[in-house]
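Here is a friendly walk through one protein model, with the chain and its fold side by side. Have a look at the structure first, and then we can go through it together.

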Amino acid sequence: MLRKTLLGLVAATTLGAGTVAAAADSKTVEVMHWWTSGGEAKALAVLKDGLKQRGYTWKDAPIAGGGGEAARTVLKARVSSGNPPDAIQMLGFTIPEYAEQDYLANLDSLAGKEGWDKQVPAPIQRFSKYQGHWVAVPVDIHRTNWIWANKKIFDDLHLAPPQSFDQLVADAAAIRKAGYIPLAHGGQPWQEATIFDSAVMSAGGPKFYTQALVNLDAAALGSKTMEKAFDQMRALRGMVDPNFPGRDWNLATAMVIDGRAAMQIMGDWAKGEFVNAGKKANVDYLCFQYPGTQGDFIFNTDQFATFKKGDPSLPAEHAFASTVMDKSNQAKFNQIKGSIPARLDVPADGFDECGQKSMADLRSALKNGTMVGSFAHGHAMPDGPKNAVYDVVTHFFNSNESSADAVKQLVEAVNNAK
Ligand code: GAL
């Protein structure tokens, strides 16, 4: 055991110094990701094809599990045994964590050649770069404060997208009375955290969200406004069906697609499932913002980092990164994935109404400085406090705890994890 740990450390240190053995086959790029749902897999095929066109083979290393927790665990194990994949999907604060230990390849020369600086919005670059150097490439911009609704149920019950949280509560009661499940939810901590993104934004707006979840300000975390966010979580808990625990997010989306449930609160990867099922925006389903967050943009951007190995001129790494950053790949990929491109120069035509709305809202959020990172998906705070907040949110959602007590727990958990 001790021997194994020591070996792991030696390998990791060597790797950190950038002197690892070359990849087994320099024409193959092993890519680790967690895109295993129908919509996700279809979107990923765009990148696979793109890499092939550049003369490289894509070796797929999928680790199932929405939100990527399982993939992050596997990555840690592979890195500490000196055997990281060539490229890996990464979110938010995970990128600087690996960059700080000198694991990630520096992509500056390619970035300069392809002009990424001008095309990628600053709040995204903040995670793509470490100490001013490009170490990851963003393929998409997801938004978490969406509600996906079954249009037929809404039409039959004469409902319109709710403009306030109270209206959502009233609509949910009418939906329940008509025999449908108001809210399709998967009881996994990351899915509860995803809903919490919206509840906090709805309760307090972008300034409050930033104070509480980005700056980790104790007064904001312990405030009455935060209690209101938990009150919303309690009301949402009352809208789910009894079988929600453990359900995968895409199975919850399927409940809305099939008309068993009326709504799902989820990032726009859910749209990828509607698209994959042949459903059309505003014909079969509705997309609208969680009430009280209209115009707000809570972002989650999927990036890929490449690990330092082999040839210092980085031919495979550049082929891979160039595939991800390719303008037409980003158009195709995001139309399938449900997100919008991470590059600002991709034209809006070809995107449906939900995508075009996201593009327009992104641009105004960028202008107003109101684009904020998703807590649930690792773009608000580092992993330590994030996991602590996850625990508080999930415990609250799955118990009868009061909002006042949850807020106390929140302050304490963040304080211990900081
Ligand atoms: C997120 C990821 C999204 C989406 C989702 C569900 O972490 O950023 O792209 O795929 O998980 O798997």
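Which residues form one aromatic cluster? The members are Trp 35, Trp 58, Phe 304, Phe 320 and Phe 333.

Before going on, a word on what you are looking at. This is a predicted model, in which local features need pLDDT of at least 70 and side-chain atom pairs count only at pLDDT 80 or more, while totals for chains, interfaces and linings use all residues. Residues are numbered from 1 along each chain as its sequence is written, and side-chain values use heavy atoms, with hydrogens and water left out.

## Aromatic pairs

Searching the whole structure turns up 21 aromatic pairs. Here, rings of Phe, Tyr and Trp (its six-membered ring) pair if their centres lie within 6.5 Å; planes under 30 degrees apart count as stacked, over 60 as edge-to-face and the rest as tilted. Two of these pairs are set out below.

| Pair | Centre to centre | Angle between planes | Class |
|---|---|---|---|
| Trp 58 and Phe 320 | 5.9 Å | 50° | tilted |
| Phe 196 and Phe 230 | 5.1 Å | 45° | tilted |

The pair of Trp 58 and Phe 320 links distant parts of the chain, 262 residues apart: Trp 58 is in strand S2 (residues 57-62) and Phe 320 is in helix H15 (residues 315-325). Helices (H or I, at least four residues) and strands (E, at least two) are DSSP runs, numbered from the N terminus. Trp 58 has a relative accessibility of 13%, so it counts as buried, and Phe 320 is buried too, at 2%. Buried means under 20% relative accessible area, exposed over 50%, and partly exposed in between (1.4 Å probe, protein chains only).

The pair of Phe 196 and Phe 230 also links distant parts of the chain, with Phe 196 in helix H10 and Phe 230 in helix H12 (residues 224-237), 34 residues apart. Phe 196 is buried at 0% relative accessible area, and Phe 230 is buried at 0% as well.

## The nonpolar cores

Phe 196 turns up again in the largest nonpolar core: among its 74 residues, Phe 196, Met 226 and Phe 375 touch the most other members. Helix H10 (residues 189-214) gives the most to this core, with 11 residues. A nonpolar core is a set of buried Ala, Val, Leu, Ile, Met, Phe, Trp, Tyr and Cys residues joined through side-chain atoms within 4.5 Å. In soluble globular proteins, nonpolar side chains tend to be buried together.

Leaving aside residues up to four places away in sequence, Phe 375 touches residues including Ala 193, Phe 196, Tyr 209, Leu 213 and Tyr 390. Contact means heavy atoms within 4.5 Å. A second, separate core has 61 residues, including Tyr 56, Leu 75, Met 90 and Phe 320.

## Two open sheets

One open sheet has 4 strands in the order S14-S7-S12-S15, with mixed pairing. Two strands pair if DSSP finds at least two bridges between them. Strand S14 (340-341) and strand S15 (371-373) are the edge strands, each pairing on one side only. Inside this sheet's order, strand S7 (residues 140-143) and strand S12 (residues 297-300) pair in the antiparallel sense over 2 bridges, and Arg 143 stands opposite Phe 299 in S12. H10 packs on the sheet, where it touches S12 and S15, and its direction makes about 115° with that of S15. Helix H16 (residues 327-337) packs on the sheet as well, touching S7 and S14 at about 25° to the direction of S7. Axes are lines fitted to C-alpha atoms, for helices over the stretch in contact, and angles run from 0 to 180 degrees between N-to-C directions.

The other open sheet also has 4 strands and mixed pairing, in the order S9-S10-S8-S11. Its edge strands are S9 (181-183) and S11 (285-289), and the twist averages 20° from one strand to the next. Strand S8 (residues 146-150) and strand S10 (residues 261-265) pair in the antiparallel sense over 3 bridges, with Ile 265 in S10 as the bridge partner of Ile 147.

## Charges over rings

Arg 143 also lies over the face of Trp 146, 5.3 Å from the ring centre. The charged end of Arg 72 sits over the ring of Trp 34, at 5.7 Å from its centre. For this, NZ of Lys or CZ of Arg must be within 6 Å of the ring centre and within 35 degrees of the ring normal.
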